[in-house]
Amino acid sequence: MLRRQAFSPEKYDKNIVAALPYYEEYFKQIIGIVHTAFSIPIEWLDIGCGIGKMF
């Protein structure tokens, strides 16, 4: 079975870093804020575009 995707995760990563050079730092800061704001484990659903990195 041939599996088709709208885009490849590798291509998306390359393009997002080109558009937002500090993307990795943004991601780390968001995770840090969530860990600081919530003392209990939480879950959220990432329904945006991309590779689902915000897990």
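**Close-up views of the predicted model**

**View 1. Ile30 is partly exposed, at a relative accessible area of 37%.** The model is predicted. Ile30 sits in helix H2, which spans residues 23-37. Its 37% falls between the 20% limit for buried and the 50% limit for exposed, so Ile30 counts as partly exposed.

**View 2. A nonpolar patch lies on the surface.** Ile30 belongs to this patch. Its other members are Leu20, Tyr22, Tyr26, Phe38, Ile40, Ile42 and Trp44. Together the patch residues have about 780 Å² of accessible area.

**View 3. The largest pocket has a volume of about 170 Å³.** Eleven residues line this pocket. Val34, His35, Pro41, Ile42 and Trp44 lie nearest its centre. By class, the lining holds eight nonpolar residues, two polar and one charged. Ile42 and Trp44 appear both in this lining and in the nonpolar surface patch.

**View 4. The protein chain has two helices and zero strands.** Helix H2, residues 23-37, carries Ile30. The chain has 55 residues, and 11% of them count as buried. The chain exposes about 5200 Å². Carbon and sulfur atoms supply 62% of that area.

Notes:
Residues numbered from 1 in each chain as written. Predicted model: local features only at pLDDT ≥ 70, side-chain atom pairs only at ≥ 80, totals over all residues. Heavy atoms only, no water. 1 Å grid on protein atoms, 1.4 Å probe; cavity = no way out; pocket = protein on both sides within 12 Å on 5 of 7 lines; lining within 4 Å. Points joined across faces, edges and corners; volume = space filled by probe spheres on them. Nonpolar A, V, L, I, M, F, W, Y, C, P; charged D, E, K, R; others polar. Helix = DSSP H or I, 4+ residues; strand = E, 2+ residues; numbered from the N terminus. Buried < 20%, exposed > 50% of the residue type's maximum accessible area, 1.4 Å probe, protein only. Areas by Shrake-Rupley, 256 points an atom, 1.4 Å probe, with all protein chains shown as cover. Patch = residues over 30% accessible without salt bridge, like charges linked within 9 Å, V, L, I, M, F, W, Y side chains within 5 Å. Salt bridge = Lys/Arg side-chain N within 4 Å of Asp/Glu carboxyl O.
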